[in-house]
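This report describes how the secondary-structure elements of one protein chain are packed together. Please keep the sequence and the coordinates in view while reading.

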Amino acid sequence: MNTLISIEGVSRRFGDVTALDSVSLDIRQGEFFALLGPSGCGKTTLLRILAGFEEPDAGSVRLDGADLLAVPAHRRPVNLMFQSYALFPHMSVEKNVAYGLEREKLPRQEIRRRVSEVLETVGLAAHARRRPHQLSGGQRQRVALARAIVKRPRLLLLDEPLSALDKKVRAEMQLELKRLQHDVGITFVVVTHDQEEAMSLADRIAVMQGGRVEQIDAPVALYDRPRTPFVADFIGANNLFAGTVSGGGLEVSGLGVLPAPTAGLPEGAQALLAVRPERVRLGQGTLTGTVVDVSFYGGVSHVALSVPGHGGHVLVATQGPARVETGTEIELGWDAADGVVIAADDAAVENGAPV
């Protein structure tokens, strides 16, 4: 897949605050790419640089090999869909969608054809004459999307596009966004702090923290093979243990030697072991804990255990209703291959092989 956007060494500072610190990444033609991270990590600043609303202090941004930073915002083949949707309340759906094309003074027949096509694509052809206040939240979001893609940009930027929707509608619109992106073939870049949203939507995700890119990977790779402590902690639930490589495992103060894939790491190396809750088994293992909480989430139960010597709780995920009760003392453990070890220098080792 060809590279559409190439970002090299982009930095941006606001006074004493470094919003972006030498960020480099590539976005491929036709992919759904997500910028994911907590508030203040720099993801929105990077989006605004792509849109032309911010200028970097250093670095380059190229689109198809040409300097994008040299192109004024209104001339870039880039559209930004705002979090608020920013629809015109006094205009009908079709007028909202047609607005940008009318500003470009396209022929009236061409505008009608393109508006009709895009409303069909987003499933709003029957609502063309309605005003925004007559639509649901999900429908208003579709109008905003239709208005953005009707101009056929090379790149569509979405800033927290689903945050205004309730949970059920948000899940429906995640599927709709993926379908729409596939149908129209435009490269989408979404900014979000919601990891579930990024994992469900994106082909690849750049996890950002403190103005830097921590890791870029497909969702499954991010989940299974985090390369830094931040990614291991931020993406999904994880049980984290800090210790020292020893005797084919990780020696953790207060817990002893835990099963861990330490091949390739020298004895005595400082490292972090990450074990996903669904990889932990109840009823057998090297640790013993007391059940402090059992939560049922319809198909999956989360069991939190207090383990002597461990500062936090160990979380276990099991299919169906959990067969343990609060106060029960039980063994727990995992296979060494089920963990991911992240060395102190942030070079991850997974299943004994460098990532």
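## Helix packing and the sheet

Helices α2 and α4 are roughly parallel to each other, a term for angles under 35 degrees, with over 145 counted as roughly antiparallel, 65 to 115 as roughly perpendicular and the rest as oblique. The model is a predicted one, in which local features need pLDDT of at least 70 and side-chain atom pairs count only at pLDDT 80 or more, while totals for chains, interfaces and linings use all residues. Residues are numbered from 1 along each chain as its sequence is written, and side-chain values use heavy atoms, with hydrogens and water left out.

The axes of α2 (residues 93-103) and α4 (residues 137-149) come within 7 Å and cross at roughly 30°; axes here are lines fitted to C-alpha atoms, for helices over the stretch in contact, and angles run from 0 to 180 degrees between N-to-C directions. The helices (H or I, at least four residues) and the strands (E, at least two) are DSSP runs, numbered from the N terminus. The crossing of α2 and α4 is right-handed, the near helix being turned clockwise from the far one by less than a right angle. On the α2 side Val 93, Asn 96 and Val 97 take part, and they meet Val 143, Ala 146 and Arg 147 of α4, where contact means heavy atoms within 4.5 Å. By class, these contact residues of α2 and α4 comprise 4 nonpolar, 1 polar and 1 charged (Ala, Val, Leu, Ile, Met, Phe, Trp, Tyr, Cys and Pro count as nonpolar, Asp, Glu, Lys and Arg as charged, and the others, Gly among them, as polar).

Helix α4 also packs against α5 (residues 167-184), with axes that come within 11 Å and cross at roughly 20°, so α4 and α5 are likewise roughly parallel to each other. This crossing of α4 past α5 is right-handed. From α4 the contact draws on Gly 138, Gln 141, Arg 142, Leu 145 and Ile 149, and from α5 on Val 169, Met 173, Glu 176, Leu 177, Leu 180 and Val 184; the contact of α4 with α5 is made up of 7 nonpolar, 2 polar and 2 charged residues. In addition, α4 lies across strands β6 and β7, running at about 170° to β6.

The strands just named belong to an open sheet of 6 strands with mixed pairing, in the order β6-β7-β8-β3-β9-β10. Its edge strands, each pairing on one side only, are β6 (78-81) and β10 (212-217), and the twist from one strand to the next averages 20°. Two strands count as paired if DSSP finds at least two bridges between them, and three of the pairings are listed here.

| Strand pair | Sense | Bridges |
|---|---|---|
| β3 (residues 32-36) and β8 (residues 187-192) | parallel | 5 bridges |
| β3 and β9 | parallel | 4 bridges |
| β9 and β10 | antiparallel | 5 bridges |

Individual partners can be located in each pairing: Phe 32 is bridged to Phe 188 in β8, Leu 35 stands opposite Ala 206 in β9, and Val 207 has Gln 215 in β10 as its bridge partner. Strands β9 and β10 form a hairpin with 2 residues between them, and Gly 210 in the turn has a positive phi of about 60°. Because 5 of the 6 residues of β9 are buried, this strand is largely enclosed by the rest of the structure; buried means under 20% relative accessible area, exposed over 50%, and partly exposed in between (1.4 Å probe, protein chains only).

Helix α1 (residues 43-51) lies across β3, β6, β7 (155-159), β8 and β9 (204-209), and runs at about 145° to β7. This helix is mostly covered, with 7 of its 9 residues buried, namely Lys 43, Thr 45, Leu 46, Leu 47, Ile 49, Leu 50 and Ala 51. Just after α1, Gly 52 takes a positive phi of about 95°. Within α1, Ile 49 counts as buried because its relative accessibility is 0%. Leaving aside neighbours within four places in sequence, Ile 49 is in contact with Val 10, Arg 12, Leu 20, Glu 54, Pro 56, Val 61, Leu 69 and Arg 76. By way of reference, the C-alpha atoms of Ile 49 and Pro 226 are separated by 28 Å, the two residues being 177 residues apart along the chain.

For the protein as a whole, there are 8 helices and 21 strands, and the C-alpha atoms fill a box of roughly 75 × 45 × 35 Å, taken along the principal axes. Of the 355 residues, 46% are buried. Among contacts with a separation of 6 or more, 65% are accounted for by residues 24 or more positions apart.
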